Amino acid sequence: GTTPVDIHGKPILSKTGGWIAALFIFGNEMAERMAYFGLSVNMVAFMFYVMHRPFSSSSNAVNNFLGISQVSSVLGGFLADAYLGRYWTIAIFTTIYLAGLIGITLCASMKIFVPNQDQCDQLSLLLGSCEPAKPWQMLYLYVVLYLTAFGAAGIRPCVSSFGADQFDERSKDYKTLLDRFFNFFYLCVTIGAIVAFTLVVYIQIERGWGAAFGSLAIAMGVSNMLFFAGTPLYRHRLPGGSPLTRVAQVLVAAFKKQHVPFTRSELVGLYELPGRHSAIKGSGKIPHTDDFRCLDKAALQLKEDGGNPSPWRLCTVTQVEEVKILIKLIPIPACTIMLNVILTEFITLSIQQAYTLNTHIGKLKLPVTCMPVFPGLSIFLILCLYYSVFVPVSRRITGHPHGASQLQRVGIGLFISILSVAWGGVFERFRRGYAIKHGYEFSFLTPMPDLSAYWLLIQYCLIGIAEVFSIVGLLEFLYEEAPDAMKSIGSAYAAIAGGLGCFAASIINSIVKSVTRNPENKQRSWLSQNINNAKFDYFYWLLTVLSIINFCFFLYSAHRYKYR
């Protein structure tokens with residue numbers, strides 16, 4: 001049932017797949033990540049400086065865009081596993097993504113889509129006296145922005161799984177190839193992010209917003225052509241039918257037989273098809289486990305079920321085990337939500353910090369929006385040194401052939417993320433005290449010449465290392481542990497965790513603003529737009545406490561989890 005086929009659904013006769021096929025897929029992911037990060041770092045500034053939206057509402061709008069683009073990945077995973085297959089899902093949604101990027105480029109290039117920019121200097125922006133965008137202009141921007149989010153929803157859960165499908169699971173070095181694939185896959189993600197934080201920002205400064213967003217559309221268009229060019233080389237897995245329907249059948253069948261004891265005399269046994277093949281297309285058989293015994297009742301075969309039972313009354317053991325696996329996987333990606341909260345907060349808050357700092361390297365002045373490139377550079381460095389440094393050293397400690405298990409890597413990343421956000425609080429307390437002491441309390445967009453922005457590199461590099469270990473380990477964990485016919489749904493778990501992290505960041509921001517602001521006493525919120533009289537350090541330490549609690553829950557969940 002798991003035999004790979006060609007694009008026409010026929011068994012593969014010629015040599016396909018492998019690293020050459022994966023390279024075409026890497027290109028598509030690199031362009032998608034370049035567009036994703038290019039929008040995330042530039043859209044806040046675009047809404048503030050061009051659309052004249054307040055900085056806080058611009059940040060929340062972008063956070064919601066990032067969240068929707070990831071949470072809706074479950075839709076792409078569902079379509080891929082149920083009906084379209086991963087190739088056609090990527091092909092359709094990457095075209096939608098391109099259409100959204102073209103729409104954003106038109107918005108930034110044509111004056112009709114933006115408010116009047118005359119007599120809108122920096123002081124007017126600070127006072128909020130610039131002409132605001134008309135409702136229909138914001139509506140157009142939101143429509144094309146969320147069109148790209150919808151396109152990303154179909155790409156993200158499928159690209160890593162489709163790339164991993166290119167390797168033969170019967171080969172002796174399959175585990176090693178898969179481990180290297182996910183590391184190289186995330187290296188491509190990182191390269192896309194680095195280009196977005198450097199080249200795209202440079203284009204924006206030199207050529208304007210239209211050229212910057214247009215470069216993202218061009219990159220996406222070129223990657224689409226490369227992806228389609230690799231079509232003859234790809235290995236495919238047949239879609240196994242609706243996974244949500246199978247889950248619903250298990251739940252309904254288990255509910256109908258909830259009062260049937262396992263010792264009933266009319267009991268035939270647990271139902272499974274005879275022979276080697278599974279009832280689910282694209283899936284091998286899954287052995288029975290003793291977890292979630294209540295769900296086993298969906299597979300209890302009674303004499304009254306007859307010879308051709310309805311799947312809404314009797315399910316196979318494999319179908320029941322699919323549902324068990326999906327449930328058992330949930331706590332691990334759920335523990336990475338807090339990591340994604342920190343990543344989301346760093347994208348917006350650290351840029352606000354950087355506006356108050358000196359970003360010069362010698363005579364070269366680095367644009368503030370380039371600052372998020374440093375986590376990407378640290379990720380790039382770690383991935384390049386991973387097999388030559390980390391694996392040999394950790395192998396001596398753990399005895400694991402790959403240096404550390406997938407869950408150990410996730411745990412290492414979560415621990416380092418705690419150090420990152422804690423350092424962020426320490427440095428922010430020093431930065432704010434320095435600003436007040438030297439008379440910059442009300443000049444939050446004026447850089448302080450004697451305080452370097454490169455102190456931010458410590459938290460940037462730490463969060464980059466955390467991301468390498470946690471996200472790469474999580475992607476490999478979900479692909480290997482997910483049921484055969486639900487690989488895209490499994491990969492969507494990681495994207496959903498990322499999306500929930502974005503939403504959680506917006507919710508936490510709103511709660512903190514509401515709780516810490518007191519207009520009667522003229523008390524500003526911790527996240528006041530003027531960072532020099534806000535309390536960003538308190539906010540970072542709040543995130544540190546939440547991260548420690550989350551890490552303890554992860555240790556408990558990882559200790560209880562049993563690998564398939």
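Start by selecting Tyr36 and Phe37: both are buried. The model is a predicted one, so treat the stops below as features of that prediction.

**Stop 1: Tyr36 and Phe37.** Show the two rings. Their centres lie 5.2 Å apart and their planes meet at 85°, so Tyr36 and Phe37 form an edge-to-face pair; the cut-off for that class is over 60 degrees. Keep Tyr36 on screen and add Arg156, which lies over the face of the Tyr36 ring at 4.8 Å from its centre.

**Stop 2: Phe93 and Phe150.** Select these two next. The ring centres of Phe93 and Phe150 are again 5.2 Å apart, but the planes are at 55°, so this pair is tilted. The pair links distant parts of the chain, with Phe93 in helix H3 and Phe150 in helix H5 (residues 135-164), 57 residues apart. Colour by accessibility: Phe93 is buried at 4% relative accessible area, whereas Phe150 is partly exposed at 34%.

**Stop 3: Ile92 and its patch.** Stay on helix H3, which spans residues 73-109 and includes Ile92. Ile92 is partly exposed, with 39% relative accessibility. Now add Ile7, Tyr83, Leu84 and Trp88: together with Ile92 they make a nonpolar surface patch of about 460 Å² accessible area.

**Stop 4: the aromatic cluster.** Select Trp19, Phe26, Phe167, Phe181, Phe182, Phe184, Phe185 and Tyr479, which ring pairs link into a cluster. From Tyr479, add Lys487; Lys487 lies over the face of the Tyr479 ring, 4.8 Å from the ring centre.

To finish, show every Phe, Tyr and Trp ring: the structure holds 32 aromatic pairs.

Notes. Residues numbered from 1 in each chain as written. Predicted model: local features only at pLDDT ≥ 70, side-chain atom pairs only at ≥ 80, totals over all residues. Heavy atoms only, no water. Patch = residues over 30% accessible without salt bridge, like charges linked within 9 Å, V, L, I, M, F, W, Y side chains within 5 Å. Areas by Shrake-Rupley, 256 points an atom, 1.4 Å probe, with all protein chains shown as cover. Salt bridge = Lys/Arg side-chain N within 4 Å of Asp/Glu carboxyl O. Helix = DSSP H or I, 4+ residues; strand = E, 2+ residues; numbered from the N terminus. Buried < 20%, exposed > 50% of the residue type's maximum accessible area, 1.4 Å probe, protein only. Phe/Tyr/Trp six-rings, centres within 6.5 Å; stacked < 30°, edge-to-face > 60°. Lys NZ or Arg CZ within 6 Å of the ring centre and 35° of its normal.
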